[in-house]
Amino acid sequence: MFKPKKKLGQCFLIDKNFVNKAVESANLTKDDIVLEIGLGKGILTEELAKHAKKVYVIEIDKSLESYANKLKENYNNIEIIWNDALKVDLNTLDFNKVIANLPYQISSPITFKLIKKGFDLAVLMYQYEFAKRMVAKEGTKDYGRLSVAVQSRADVEFITKVPPTAFHPKPKIHSALIKIKLNKNKYQIENEIFFDNFLRAVFQHRNKSVRKALIDSSKELGYSKEEMKKILIKFSEKEKIGSLIENKVFKLSVGEFVFLSNELYRFLHLHDDK
Ligand code: SAM
């Protein structure tokens, strides 16, 4: 008997309805090459193998090998990569869709790694609270750095909430399926690294004004508080900026964050005399 390992997030799907829901939501065809993160006992992998041309599965736990071997007896389009998904160079894999019941402890880093690599469509299972943060709109309590970082690069859609009874062992928390369509042309982010630093800085103080948040987290952008205060006095003289930076951080839309970050990035590079 296989004993699931909690620290690897081993809650396996047992309710086929949600397996089918994930596969249907991804509109799989025999042209698709799919990446799955986490084989488990292979319940999702088997459905993917039936519908797609090829399935890559990254699984960290080699003690699940007997399940992999059984699957491979019946399907010749499955390739297992025994490794930590965070360590695999995804550029070596030619997938166009990602479908996975993710190990929740790596939700955030794996999502950003996938977005950076690029794909057409992903259907992913997350912890419910995390999923709500991914799709949250400005002004709501779930809206945060994750919401803006994801929605500025992709269209995200909440598919369905999934109860603990859909898994074994039964987790204490609810889960949710999310659909992600990459849309890198949605906004033009001038400098990705600066944008992520900008978001990290301001969302440390989501209830403060953008101006106050930037001053209090000035170190994240490489400035002292005094330097940032002076920068923002000049910066706010620019058209549209003055009123925008007096808004509370959590009330700014995704588009407004991109606009502000781009403007500040350009401004700092024009006036980089500190
Ligand atoms: N797909 C299966 C299912 O739906 O039943 C398993 C899902 S289970 C939530 C997550 C799986 O990811 C486990 O099999 C676990 O061993 C694996 N896993 C955990 N951390 C991982 C990592 N860093 N890289 C790759 N796989 C990982």
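Biologist: Which residues does the UniProt annotation "domain: Ribosomal RNA adenine methylase transferase N-terminal" cover?

Modeller: The model shown here is predicted, and the annotation comes from a UniProt record, an unreviewed entry. Over the annotated stretch the chain is 32% helix and 28% strand, with the end C-alpha atoms 29 Å apart. The residues that the record assigns to this domain are 18-184.

Biologist: Where does the ligand sit, and which residues around the ligand come nearest?

Modeller: The ligand sits in the largest pocket. By class, the shell around the ligand has 13 nonpolar, seven polar and four charged residues, and β1 (12-13) and β3 (54-59) each supply at least two residues of that shell. Of the 24 residues around the ligand, those that come nearest are Gln 10, Leu 13, Gly 38, Glu 59 and Ala 85.

Biologist: How much of the area that the ligand exposes when taken alone does the protein bury?

Modeller: Polar atoms of the protein approach the ligand at several points: a polar side-chain atom of Glu 36 lies 3.1 Å from a ligand nitrogen atom, while a backbone N or O atom of Ala 85 lies 2.8 Å from a nitrogen atom of the ligand. A polar side-chain atom of Asn 101, in turn, lies 2.9 Å from an oxygen atom of the ligand. Taken alone, the ligand exposes 600 Å², and the share of this area that the protein buries is 98%.

Biologist: Which residues of the UniProt "binding site" set are taken in by the lining of the largest cavity?

Modeller: In the unreviewed UniProt entry, the feature "binding site" is placed at Leu 13, Gly 38, Glu 59, Asp 84 and Asn 101. From this set, the lining of the largest cavity takes in Leu 13 and Asn 101.

Biologist: In which strand is Leu 13 found?

Modeller: Leu 13 is among the residues that come nearest to the ligand, and the UniProt record also lists Leu 13 under "binding site". The strand in which Leu 13 is found is β1.

Biologist: Is the peptide bond from His 168 to Pro 169 cis or trans?

Modeller: Most peptide bonds are trans. Pro 169 has its place in the loop between β8 (167-168) and β9 (175-182). With omega near -10°, the peptide bond from His 168 to Pro 169 is cis.

Biologist: What is the phi of Asn 27?

Modeller: Most residues other than glycine have a negative phi. Asn 27 lies in the loop between α1 (16-25) and β2 (33-37). This residue, which is other than glycine, has a positive phi, with a value near 45°.

Terms used: Residues are numbered from 1 along each chain as its sequence is written. This is a predicted model: local features need pLDDT of at least 70, side-chain atom pairs count only at pLDDT 80 or more; totals for chains, interfaces and linings use all residues. Side-chain values use heavy atoms; hydrogens and water are left out. A residue is near a molecule or strand if one of its heavy atoms lies within 4 Å of it. A polar contact is a pair of N or O atoms within 3.5 Å; within protein, one must be able to donate a hydrogen and the other to accept it, and residues adjacent in sequence count only if both atoms are side-chain atoms. Accessible areas come from the Shrake-Rupley method with a 1.4 Å probe; for residues, only the protein chains shown count as cover. On a 1 Å grid over the protein atoms alone, a cavity is a set of points where a 1.4 Å probe fits but cannot get out, and a pocket is an open set with protein on both sides within 12 Å along at least five of seven lines; lining residues have an atom within 4 Å of a point. A molecule sits in a cavity or pocket if more than half of its atoms lie within 2 Å of its grid points. Helices (H or I, at least four residues) and strands (E, at least two) are DSSP runs, numbered from the N terminus. Ala, Val, Leu, Ile, Met, Phe, Trp, Tyr, Cys and Pro count as nonpolar, Asp, Glu, Lys and Arg as charged, and the others, Gly among them, as polar. UniProt positions are given in the numbering used here, feature names are shortened, and annotations may be inferred rather than shown by experiment.
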